Amino acid sequence: MTGTEYERRIAARFAAFDQDGNGYIDREDFSAAAKALLAEFGVPARSGRGQELYAGAEAFWQGMAGIADRDGDQRITREEFVTGAVKRLRDNPERFAEIARPFLHAALAVAAADGSGVSVADTTRVLAVFHVPAEAAGAVAAALDTDGDGRVAEADVVPALARYFTVPE
Ligand code: CA
Ligand code: CA
């Protein structure tokens, strides 16, 4: 992978977390992501699934801050993201899965309106909320349907997203 390609990928991963695009990742970005996801699927914030999603978003933020916010100012800059999050999570993808799982579990529950699992199309909608480029989102979602039944299982989503966000080389 060329340096430019690597930097492009990093920029895309950073943008997925920096929901409001103000140049750093903070708690607001995680609550904004939860809010956007609830709006996309028409789930009320005060519902059980809504509250679970917000709790997962807070846990995800705390985990990311613990890994990447080196100066403790409650903001993850692009430099902190690259030197802290990307490197440490690439070295330890299980750690990413651990901190992201409550949020992803809740996000899939929001997307699985009828409780019978999440369709590939709805997974693409979830990824779009996180600013995953459309051409990548469709392919990522389809790849998650490992047995080809048109449904995506949580057990496949968490490690796949961990791979995506930790920029495999
Ligand atoms: Ca931000
Ligand atoms: Ca910081």
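## Close-up views of the predicted model

**View 1. The lining of the second largest cavity.** Leu 104, Ala 107, Leu 108, Thr 123, Val 126, Leu 127, Leu 144, Val 157 and Leu 161 line the second largest cavity (a cavity is a set of points on a 1 Å grid over the protein atoms alone where a 1.4 Å probe fits but cannot get out; lining residues have an atom within 4 Å of a point). The model is predicted: local features need pLDDT of at least 70 and side-chain atom pairs pLDDT 80 or more, while totals for chains, interfaces and linings use all residues. Residues are numbered from 1 along each chain as its sequence is written, chains are lettered from A and ligands numbered from 1 in the order in which they are written, and side-chain values use heavy atoms, without hydrogens and water. At least two lining residues come from each of α5 (93-111), α6 (120-129) and α8 (154-165) (helices are DSSP runs of H or I, at least four residues, and strands runs of E, at least two, numbered from the N terminus). The lining of the second largest cavity comprises 8 nonpolar residues, 1 polar residue and no charged residues (nonpolar: Ala, Val, Leu, Ile, Met, Phe, Trp, Tyr, Cys and Pro; charged: Asp, Glu, Lys and Arg; polar: the others, Gly among them). The second largest cavity holds about 80 Å³ of space (the space filled by probe spheres set on grid points, which are joined across faces, edges and corners). In the whole structure, 3 cavities of 30 Å³ or more are found.

**View 2. The largest pocket and its lining.** The largest pocket has about 300 Å³ of space (a pocket is an open set of points with protein on both sides within 12 Å along at least five of seven lines). Its lining counts 16 residues, and Arg 13, Ala 136, Val 140, Arg 163 and Tyr 164 are the ones nearest the centre of the pocket. Two or more lining residues are given by each of α1, α7 (134-144) and α8. Helix α7 has the largest share, with 5 residues. By class, 9 residues of the lining of the largest pocket are nonpolar, 1 is polar and 6 are charged.

**View 3. The calcium ion (ligand 1) and its donors.** Asp 18 (OD), Asp 20 (OD), Asn 22 (OD1), Tyr 24 (O) and Asp 29 (OD, twice) are the protein donors of the calcium ion (ligand 1), at 2.2 to 2.6 Å (donors are N, O and S atoms within 2.8 Å of the metal, 3.2 Å for Na, K and Ca; water is not among the atoms, so sites may look incomplete). In sequence, the donor residues follow the spacing D-x1-D-x1-N-x1-Y-x4-D. The 6 donor atoms subtend angles of 52 to 154 degrees, so the arrangement is irregular (six donors count as octahedral if opposite donors are over 155 degrees apart and all others between 65 and 115; four as square planar on the same angles, or as tetrahedral if all angles lie between 85 and 135 degrees; anything else is irregular). Asp 18 is buried, at 6% relative accessible area, whereas Asp 20 is partly exposed, at 45% (buried is under 20%, exposed over 50%, partly exposed in between, with a 1.4 Å probe and protein chains only).

**View 4. The calcium ion (ligand 2) and the loop residue Gln 74.** The calcium ion (ligand 2) has as protein donors Asp 69 (OD), Asp 71 (OD), Asp 73 (OD), Arg 75 (O) and Glu 80 (OE, twice), at 2.2 to 2.5 Å. The spacing of these donor residues in sequence is D-x1-D-x1-D-x1-R-x4-E. Angles of 53 to 154 degrees between the 6 donor atoms make the arrangement around ligand 2 irregular. Asp 71 is exposed, with 53% relative accessibility, and Asp 73 is partly exposed, with 38%. Gln 74 lies in the loop between α3 (48-68) and β2 (76-77). Although not a glycine, Gln 74 has a positive phi of about 65 degrees. Gln 74 is partly exposed, at 41% relative accessible area.

**View 5. Phe 14, Phe 81 and the aromatic cluster.** The structure has 8 aromatic pairs (rings of Phe, Tyr and Trp, the last by its six-membered ring, pair if their centres lie within 6.5 Å; planes under 30 degrees apart are stacked, over 60 edge-to-face, the rest tilted). One of them is the edge-to-face pair of Phe 14 and Phe 81, with 5.4 Å between centres and 75 degrees between planes. Phe 14 belongs to helix α1 (residues 3-17) and Phe 81 to helix α4 (residues 78-91), so that the pair links distant parts of the chain, 67 residues apart. Phe 14 and Phe 81 are both buried. One aromatic cluster is made up of Phe 14, Phe 17, Phe 30, Phe 60, Trp 61, Phe 81, Phe 96 and Phe 103.

**View 6. Ala 139 and Ala 160.** Ala 139 sits in helix α7 and is partly exposed, at 48% relative accessible area. From C-alpha to C-alpha, Ala 139 is 29 Å from Glu 28, with their positions 111 residues apart in sequence counted as separation. Ala 160 is in helix α8 and is buried, at 11% relative accessibility. Ala 160 and Ala 141, 19 residues apart in sequence, are 9.5 Å apart in space, C-alpha to C-alpha.
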